[in-house]
Structure formats: structure tokens, C-alpha cells
Amino acid sequence: MATGELNPNHYPAQRAAKVVQHYLNTRYGSPYRLFGLHQVHSGNAEDVSNSGRRYQLEISVHEIISNKTQKCSAEVFFPQGEGPLLAEVQASPCDELLHIDTKLQEEALYQQYRNNQSLLSAQNLPDSYGHIEPDMKPFWHLAIVASSFIMLKESTENTLYNLAQVASIKQLATENEQLKFECHVLLHEMVSQEIPQWKLQFTWSSAGGVNVLEKEQLPHCHSCEKAQNSS
């Protein structure tokens with residue numbers, strides 16, 4: 001792995017910056033607030049006392065729904081050692097993006113599905129043509145936020161994760177104030193071109209945000225990879 005100044009368009013800087021995206025979505029994402037990596041402006045990497053590698057980044061973060069972009073600083077540390085090791089992320093507050101007011105939209109969505117007589121159920125978001133019905137887009141965003149907890153945990157210096165598709169999402173009955181969902185997602189690990197499948201249960205409310213309750217990696221799906229590569 002290279003140290004010192006990095007080419008912002010090459011994989012080492014891009015992979016580290018992608019981890020920042022997942023981190024921001026786990027912290028601040030919602031049905032109406034979703035973060036993407038817009039651009040890496042500069043990056044620097046250094047080895048830290050045989051304990052790992054630290055990346056210092058200047059990036060632009062894109063809030064996808066409002067279509068606003070802001071430049072932020074971030075630091076990502078990838079620890080080295082035995083067993084699963086979680087990347088550590090620090091990011092300067094993207095204040096302009098975090099102050100986008102989504103409370104009314106989130107509360108309206110929460111009340112709608114809290115009081116629905118029938119429970120939500122949907123498949124294939126997006127479909128094979130890349131289409132998502134407008135009323136399903138908040139749940140596509142919620143699935144990205146929930147999946148970001150997995151992508152953040154699974155990310156290393158050698159991975160680059162995106163959410164490829166929500167194969168299914170269904171609302172579960174619950175007695176508490178949280179909306180509860182079960183979701184089957186297909187991730188796309190762009191370096192290996194593998195399509196890991198995960199099943200997860202998570203809750204969401206306008207007041208409490210997203211909380212992942214259970215997650216399980218499913219058996220390898222060769223047909224998923226063929227479909228992804230042909231799309």
C-alpha cells in the first residue's frame with residue numbers, strides 16, 4: 001500500500017473515502033437524508049506503529065435528496081491484527097448538509113406507516129430497468145442507511161462497497177413506537193465483483209433514527225453476480 005500523498009482518483013483514496021460515506025449514513029442518514037461521495041480532493045496515508053494505516057482526506061460529500069454538496073475533512077484508520085477489525089472514522093461536521101430540515105417529511109412518513117392497516121411489502125428496488133416507484137424511494141433510502149452499518153463493518157483497505165439492490169423489504173408488526181422492517185439486500189463489492197447477500201432486521205422512527213437489530217450473511221449467490229455483471 002502506498003504511503004504519503006495519494007492520487008485522489010485511485011483506489012486507495014477512493015476506498016477510504018467510501019468508508020466515510022458509510023459512516024455518515026449510519027450517523028445521520030434517514031428516509032429523506034442520504035449521503036454519497038461526490039469527489040476526493042486530496043488524500044494522504046501513513047503507517048501507524050505497525051498497528052494500522054491512517055488516511056487523511058479532503059472530500060466533497062453529496063446529500064443526494066436535496067442535491068447539495070459540501071467539502072469536508074475526514075480521517076480513516078484501518079487497524080491491523082487478528083479477527084474482525086472495524087475501521088475508525090472521524091469526520092468534520094458537514095454542517096450545511098446536516099442542517100437540511102427533514103423533520104416534517106419524516107414525521108409524516110412515520111405516522112402514515114405507523115397507522116396503516118396493511119403492512120408495507122416490496123421487492124426489487126430498483127427493478128431491472130433501474131426504476132423505483134416514488135412512494136418506495138424513502139424505503140430504498142432506509143435500506144441504504146441500514147446496509148451502511150454492514151458496509152462500514154465489512155470495509156477494509158481492499159474493499160469498495162455499494163448497495164446494488166433491495167431484493168425485498170417488508171414491514172413487521174410491532175407493539176412499540178418504532179417501525180420494524182425485515183430486508184434482504186444485495187451488496188456489490190466492486191474490487192472482487194462479488195455480490196454478498198445479507199438479511200437484516202432494523203427499526204426506524206422519526207425520533208429514534210435507524211437501529212439494526214439483527215444481520216445475517218446469506219449463502220453465496222452465483223446467479224446474482226451474473227445478473228449484476230450483465231446489467
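## A walk through the predicted model

Ala122 lies in strand β6, and in this predicted model the residue offers a convenient place to begin. With a relative accessibility of 8%, Ala122 falls under the 20% limit and therefore counts as buried. Setting aside residues up to four places away in sequence, Ala122 touches Met136, Ala167, Ser168 and Ile169. The last of these partners is 47 residues from Ala122 along the chain, yet the C-alpha atoms of Ala122 and Ile169 are separated by 5.4 Å.

Ile169 leads on to the nonpolar interior. In general, nonpolar side chains tend to be buried together in soluble globular proteins. Here the largest nonpolar core has 34 residues, and those that touch the most other members are Phe139, Val166, Ile169 and Phe202. At least two residues of this core come from each of α3 (103-114), β6 (121-125), α4, β7 (161-172), β8, β9 (197-205) and β10 (209-217). Which element supplies the largest share of this core? That element is α4, with nine residues. Apart from this core there is a second, separate one of 25 residues, which includes Val19, Val20, Tyr23 and Val89.

Val166 shows what such a position looks like in detail. Not counting residues up to four places away in sequence, Val166 touches Gln123, Asn124, Leu125, Trp140, Ala143, Cys183, His184 and Val185. Among these neighbours, Cys183 counts as buried, because its relative accessibility is 1%.

Helix α4 itself covers residues 137-154, and over its 18 residues the distance from the first C-alpha to the last is 25 Å, close to the 26 Å expected at 1.5 Å a residue. The helix nevertheless bends by about 30 degrees at Ser147. Because 14 of the 18 residues of α4 are buried, the helix is largely enclosed by the rest of the structure. Helix α1, made up of residues 11-28, can be set beside it: its 18 residues should span 26 Å at 1.5 Å a residue, and its end C-alpha atoms are indeed 26 Å apart. This helix is also mostly covered, since 13 of the 18 residues of α1 are buried.

Strand β8, which runs over residues 179-189, holds His188. Is this histidine buried or exposed? With a relative accessible area of 12%, His188 is buried. Its side chain makes a polar contact with the side chain of Gln193, at a distance of 3.1 Å.

A covalent link completes the tour. The model has one disulfide, formed by Cys72 and Cys94, whose sulfur atoms are 2.1 Å apart. Cys72 belongs to strand β4 (residues 68-79) while Cys94 sits in the loop between β5 and α2, so the pair ties together parts that are 22 residues apart in sequence. Both cysteines are enclosed: Cys72 counts as buried at 3% relative accessibility, and Cys94 is buried with a relative accessible area of 4%. Once its neighbours within four places in sequence are left aside, Cys94 is in contact with Val61, Gln70 and Cys72. Asn9, by contrast, is 85 residues from Cys94 along the chain, and the C-alpha atoms of these two residues are separated by 22 Å.

Definitions and conventions:
Residues numbered from 1 in each chain as written. Predicted model: local features only at pLDDT ≥ 70, side-chain atom pairs only at ≥ 80, totals over all residues. Heavy atoms only, no water. Helix = DSSP H or I, 4+ residues; strand = E, 2+ residues; numbered from the N terminus. Expected span 1.5 Å × (residues − 1). Bend = angle between axes of the 7 residues up to and from the residue. Buried < 20%, exposed > 50% of the residue type's maximum accessible area, 1.4 Å probe, protein only. Polar contact = N/O pair within 3.5 Å; in protein donor to acceptor, adjacent residues only side chain to side chain. Core = buried A, V, L, I, M, F, W, Y, C linked by side-chain atoms within 4.5 Å. Contact = heavy atoms within 4.5 Å. Disulfide = S-S within 2.5 Å.
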